[in-house]
Amino acid sequence: MTSIRSMFGKLKSQYPTFNVTFDPELRLKLIQIPASQRNEKSESDREKFVPAYSDGDDISGHIDVLLPDNVTRFEYDDLSVYLIGQIVCDQLGDDRIFLSQKLTLKTQGTLTKDEAFDFKFNAPVLSFCSFYGSLFKCRYLIRVVLARPKLFQSSIKHDTEFMSLNEQELPAPKPVSMSVGVDECLHIKFEYKN
């Protein structure tokens, strides 16, 4: 059993890894997500901070493609980045993608060293606010996909979450008035301002 695990570990270490960072000047702020509400399985229970954007904000950043030390060249067909909006219901085993935009960063090439790429999604429609509940989640993510050239080789994917916060203005306060009276004798009028 340990030999199978070590074999898969060696195979996994031969693939590039990705590091996605968002441009700090375009985001609203950083939001804290507890480890219990994230999809990723990590050893640490530390909390993670993700950037927050509003509907219509440009979403841009950088992708670092990092080659392992033991790999000198890696061929690929396509390097793309996706902006995805997804509603996940874990209890039903169902998810729906309601937003998907694609940018192709580079087509058919060979990685011989670490490379960096920039991406920018212009004014995407982030119609729903991000939500992490016990029954379902509404989440947004940037997915990097490195498609490989051979028929039986699967694509390499990496997801990085961000949040959508659509702040709404409160309606203008209206004064509330109430009149209390007994027949024609006594009348009291109350007015409250919100």
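Trainee: Is cysteine 89 buried or exposed?

Mentor: This is a predicted model, in which local features need pLDDT of at least 70 and side-chain atom pairs count only at pLDDT 80 or more, while totals for chains, interfaces and linings use all residues. Residues are numbered from 1 along each chain as its sequence is written, and side-chain values use heavy atoms, with hydrogens and water left out. A residue is called buried under 20% relative accessible area, exposed over 50%, and partly exposed in between (1.4 Å probe, protein chains only). Because its relative accessible area is 18%, cysteine 89 is buried.

Trainee: How many disulfides are found in the whole structure?

Mentor: A disulfide is a pair of cysteine sulfur atoms within 2.5 Å. For cysteine 138, the closest cysteine sulfur belongs to cysteine 129 and lies 8.2 Å away, too far for a bond. For the whole structure, the number of disulfides found by the search is zero.

Trainee: At what relative accessibility does cysteine 138 stand?

Mentor: Cysteine 138 faces isoleucine 87 across a strand pairing. Cysteine 138 counts as buried because its relative accessibility is 4%.

Trainee: How many strands are there in the chain?

Mentor: Helices (H or I, at least four residues) and strands (E, at least two) are DSSP runs, numbered from the N terminus. Reading from the N terminus, the elements run α-β-β-β-β-β-β-β-β-β-β-β-β. The chain thus holds one helix, and its number of strands is twelve.

Trainee: How many residues of strand E9 are buried?

Mentor: Strand E9 covers residues 137-147 and is largely enclosed by the rest of the structure. This follows because, of its eleven residues, the number that are buried is ten.

Trainee: Over how many bridges do strand E5 and E9 pair?

Mentor: Two strands pair if DSSP finds at least two bridges between them. E9 pairs with strand E10 (residues 156-164) in the antiparallel sense over seven bridges, and leucine 146 stands opposite isoleucine 156 in E10. Strand E5 (residues 74-89) is also antiparallel to E9, and the number of bridges is eleven.

Trainee: Which residue in E9 stands opposite phenylalanine 131?

Mentor: Strand E8 (residues 131-132) is joined to E9 by two bridges, and the strands run antiparallel. A hairpin of four residues links E8 to E9. Opposite phenylalanine 131, in E9, stands cysteine 138.

Trainee: How far apart are the ring centres of phenylalanine 131 and phenylalanine 136?

Mentor: Rings of Phe, Tyr and Trp (its six-membered ring) pair if their centres lie within 6.5 Å; planes under 30 degrees apart count as stacked, over 60 as edge-to-face and the rest as tilted. The structure holds nine aromatic pairs. In the pair of phenylalanine 131 and phenylalanine 136, the planes stand at 40°, so the pair is tilted, and the centres are apart by 5.3 Å.

Trainee: Is phenylalanine 131 buried, partly exposed or exposed?

Mentor: Its ring partner, phenylalanine 136, has 38% relative accessibility and counts as partly exposed. With 41% relative accessibility, phenylalanine 131 counts as partly exposed.

Trainee: What is the order of the strands in the open sheet of three strands?

Mentor: The pairing in this sheet is antiparallel, and the order is E1-E4-E7. Strand E1 (17-22) and strand E7 (115-121) each have a single partner strand, so one side of each is left without a neighbour in the sheet. E1 and strand E4 (residues 59-66) run antiparallel and are joined by six bridges. Read across the sheet, the order is E1-E4-E7.

Trainee: Which residues form the covered face of E1?

Mentor: The uncovered face of E1 consists of Thr17, Asn19 and Thr21. Asparagine 19 stands opposite aspartate 64 in E4. The covered face is formed by Phe18, Val20 and Phe22.

Trainee: Which residue in E4 stands opposite valine 20?

Mentor: Valine 20 is placed in strand E1 and counts as buried, at 9% relative accessibility. Leaving aside neighbours within four places in sequence, its contacts (heavy atoms within 4.5 Å) include Phe119, Ile142 and Val144. The residue opposite valine 20 in E4 is isoleucine 63.
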